[in-house]
Amino acid sequence: MGLTGGLLIQSAQMALVLALAPLLTGVVRKAKARLQRRQGASVLQPYRDLARLFRKEAVLAENASPLFRAAPYVIFAATWVAAALVPTFATGLVFSWTADLIVITALLASARFFLALAGMDVGTSFGGIGSSREMMISSLAEPAMLMLVFTLALVARSTQLSTVAQVMLTSGVGLRVSLALALVALVMVAVAENGRIPIDNPSTHLELTMVHEAMVLEYSGPHLAMIELAGQLKLVLYLSLIGCVFVPWGLAPAGASVLALAAGVLAWAAKMAVGALLLALFETSIAKMRVFRVPDFLGAALMLGLLGTLLLFVSRSL
Amino acid sequence: MLPFYPAFLAGMMLVVLADDAFTFLFGWEFMSLASFALVVSHHGVAENVRAGLVYLMMAAFGTLALMLAFGLLAAGGEGVSLQALSFSAMRAHGPTPLAAAVVLGLALLGAGSKAGLVPLHVWLPLAHPAAPSHVSALMSGVMTKVAVYGFIRIVFDLAGPPAWWWGVPVLLVAGPTAVAGVLYALMQTDVKRVLACSTIENIGIIFVGLGLALAFEANGAPAVAALALTAALFHVVNHALFKSLLFFGAGAVLVATGEKRMGMLGGLIHAMPQTALAMLVGAAAISALPPLNGFVSEWLTFQAILLSPDLPVWGLKMLIPAVGALLALAAALAAACFVRLYGIVFLGRPRSAAASQAREADGFTRTAMASLAVLCLAAGILPGPVIDALQGAVAPLVGVRMTGQGHLAWLSIIPVAEGRSSYNGFLVFVFIALSASLAALAVHAFGSRAVRRAPAWDCGFPGDDPLAQYSAESFAQPLRRVFGRSLFAARETVTMPPPGDMAPARLSVSERDPAWAFLFAPLGRAVSALSGRANAIAHLNIRNYLALVFGALVLLLVVLALWA
């Protein structure tokens with residue numbers, strides 16, 4: 001297992017997250033439908049939706065600029081690169097040293113920057129409302145994310161995700177209050193970043209409650225497909241992130257055998273399925289909150305992250 | 001204004017070339033006065049004259065503080081001579097701990113007022129927009145950096161080895177400066193004023209790095225101090241690049257449309273595509289997005305913050321993560337601020353006739369902007385050589401240098417240790433470019449290539465007035481509600497006409513700068529009250545004056561007698 005092995009794992013991971021992202025969304029939707037006593041569409045429906053969008057023509061608004069056409073590719077690329085750097089089934093990613101957890105956060109911020117700009121490009125009120133609210137949400141979610149990155153980095157003495165996962169897996173980190181706080185904060189940030197209930201409703205049809213949907217209102221055809229796919233990748237990314245940091249069992253270490261890798265893939269699939277079911281359960285059992293309640297929610301996440309960091313500073317020095 | 005521009009440049013050069021306090025202060029004052037002349041170059045406008053006056057007062061105050069600081073540093077040497085004022089003489093004897101502490105405070109006041117640290121920032125949002133755009137670019141991109149140089153020269157070099165607590169006041173000022181600066185920027189509606197306020201934020205980020213460097217150096221971690229100082233200096237370089245670029249862009253917009261009010265602009269990406277592209281790079285860089293340069297310096301600062309558990313002092317251990325949270329908040333808000341600026345000015349539909357008739361900027365302006373944009377990208381994807389180049393300044397100040405980064409495999413940077421953290425801007429850039437092209441190729445090969453232009457969908461209500469788009473004010477409204485209420489006392493009042501009345505409803509927004517309300521306004525009132533009292537002395541008759549002189553003489557003699 002030299003460079004070739006690492007490259008293989010890296011490409012397998014990139015292909016895997018891309019191929020399975022729509023499935024995960026399909027599973028969440030199906031689980032939600034069953035919890036609401038509906039039959040629900042097949043778990044493969046997101047694939048069909050994407051295929052349909054890719055085959056359709058793109059309808060551009062008359063005054064859409066080149067930025068509007070380029071943005072979906074930038075958004076997709078930044079999200080995919082970020083998702084490729086989060087260990088899913090193995091830690092031996094050959095390019096993991098390219099970017100640490102702070103860079104992954106910042107890559108998602110780049111994607112959001114372009115999405116918010118694209119929302120303002122056509123000059124409609126709905127695009128503006130979406131961009132404005134998205135930036136409000138992100139201005140609180142991003143610091144919260146960085147705070148919990150700090151917490152993890154202080155425990156593992158590294159911001160490198162592979163190293164963090166390795167430390168969580170091997171050395172007896174044990175149960176820690178600050179890690180529990182970080183987990184809660186990470187879940188809250190993940191809910192907000194993926195635009196799930198209670199922050200945003202991915203299946204809303206009421207314009208005034210939309211955030212993400214309002215920004216992409218003018219997109220159609222392949223452009224919309226790229227943005228949808230980026231959104232699905234982001235869900236995989238956050239679930240994998242929670243998985244690899246807080247339940248790292250089953251992750252194949254660097255230089256593992258093929259068997260261990262296969263076990264890693266299975267463990268990852270199981271984690272994803274559990275995560276999807278929990279997300280569906282959470283979304284079904286809670287109501288969407290008003291937009292101006294969101295700062296309280298994310299402010300709590302930020303405070304939890306900061307508290308986790310401070311607790312670590314205190315406990316480290318005792 | 002023509003002769004003042006080279007004079008301003010010469011003044012800034014003189015400050016950084018100075019090797020003694022006299023030349024330093026002379027250059028500093030020269031720089032201040034020349035830039036004052038440039039700020040009031042359009043002195044027909046009353047607003048500009050007021051901006052110039054506030055700037056002149058703050059500059060005079062800053063020079064006074066620096067003069068006192070140099071006085072303390074030079075004292076203790078033998079005699080009063082030009083020799084005692086040279087930096088080497090100051091270094092040779094070094095101040096007492098008490099004098100050094102006072103020098104730190106004075107440097108923070110003097111250099112901080114020129115750099116724009118909160119609450120001494122009030123001149124900045126007034127003076128930078130008043131000046132012509134190329135002057136604003138210099139003032140914001142370079143002059144504030146000369147102030148940073150002044151601070152580093154006095155505190156890191158001349159004031160001797162730092163005490164353990166020196167980082168505390170710097171961090172306590174710098175963290176809030178970063179957040180307050182970007183919040184100010186979010187509240188502004190004038191393009192150049194937004195940029196000026198964002199300068200305050202970036203100065204805050206730079207001083208966070210400087211404060212970290214002081215804290216680590218004083219507490220026996222010179223290697224981390226080198227990292228923090230490198231991060232601060234890297235941000236100095238970055239801010240000079242992207243803020244100049246953004247001010248040039250604002251100038252190009254001002255020339256093309258005659259407008260710097262965001263509410264009158266919009267849709268300029270169609271008329272000025274090249275300016276828009278360069279500005280997009282600048283906006284992304286200042287929002288600290290990878291793979292551009294702004295991200296690298298913030299990443300380095302975060303790496304230094306993450307090493308703070310190793311510090312032996314409790315106060316610093318608690319303070320530094322809190323400052324880290326403020327820094328993260330400032331970075332996220334900066335992205336919101338520049339989405340707002342770029343989205344309102346360059347995207348959407350034109351909000352006025354001037355904006356719809358804009359023309360692309362001339363070749364010189366475009367070349368200037370394009371070269372700065374290229375430099376932003378280059379410093380972002382090749383951070384190693386930049387870090388290495390900065391070590392020439394870092395090594396003499398903290399005694400050690402960061403390990404060489406330029407020669408590392410694949411152009412990555414590893415500030416502390418491999419396995420702890422590393423970043424590779426080049427590969428991130430290549431990966432993003434590759435996967436974006438791959439996606440575009442796949443869509444073109446397998447998807448539909450058909451594109452049709454149609455009226456905007458807008459949920460079935462297209463064709464509304466361009467003024468119904470989101471504006472600068474409405475974009476900031478959620479953030480104003482979240483952050484502005486307590487900090488800026490931002491209030492929104494809606495006046496509804498009674499039912500049946502056809503008058504339009506009005507929404508008015510008010511906010512105030514706490515620095516003006518709680519510091520400068522009471523100060524101004526106190527000064528004018530005092531001067532009113534003192535004014536009475538100017539209108540006495542000859543007998544009273546003689547009595548005053550006699551009284552002063554007696555007092556002096558009494559003091560002398562008691563002194564002996």
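I take buried to mean under 20% relative accessible area and exposed to mean over 50%, with partly exposed in between (1.4 Å probe, protein chains only). I note that this is a predicted model, in which local features need pLDDT of at least 70 and side-chain atom pairs count only at pLDDT 80 or more, while totals for chains, interfaces and linings use all residues. Residues are numbered from 1 along each chain as its sequence is written, chains are lettered from A in the order in which they are written, and side-chain values use heavy atoms, with hydrogens and water left out.

Cysteines. I looked up Cys337(B) and found it buried, at 0% relative accessibility. Its sulfur lies 8.5 Å from the closest cysteine sulfur, that of Cys197(B), which is too far for a bond. I searched the whole structure for disulfides (pairs of cysteine sulfur atoms within 2.5 Å), and the search gave 0 over all chains. In chain A, I noted that Cys244(A) is also buried, at 1% relative accessibility.

Ala92(B). I found Ala92(B) exposed, with a relative accessible area of 68%. I then compared Ala92(B) with Gly160(B), and the two are 68 residues apart in sequence but 9.4 Å apart in space, C-alpha to C-alpha.

Helix H6 of chain A. I counted as helices DSSP runs of H or I with at least four residues, numbered from the N terminus. In H6 (residues 161-170) of chain A, I found several buried residues, among them Leu161(A), Val164(A) and Met168(A). The cover over the buried residues of H6(A), judged by contact (heavy atoms within 4.5 Å), includes helices H4 (101-121) and H9 (221-246) of chain A.

Notes
Helices (H or I, at least four residues) and strands (E, at least two) are DSSP runs, numbered from the N terminus.
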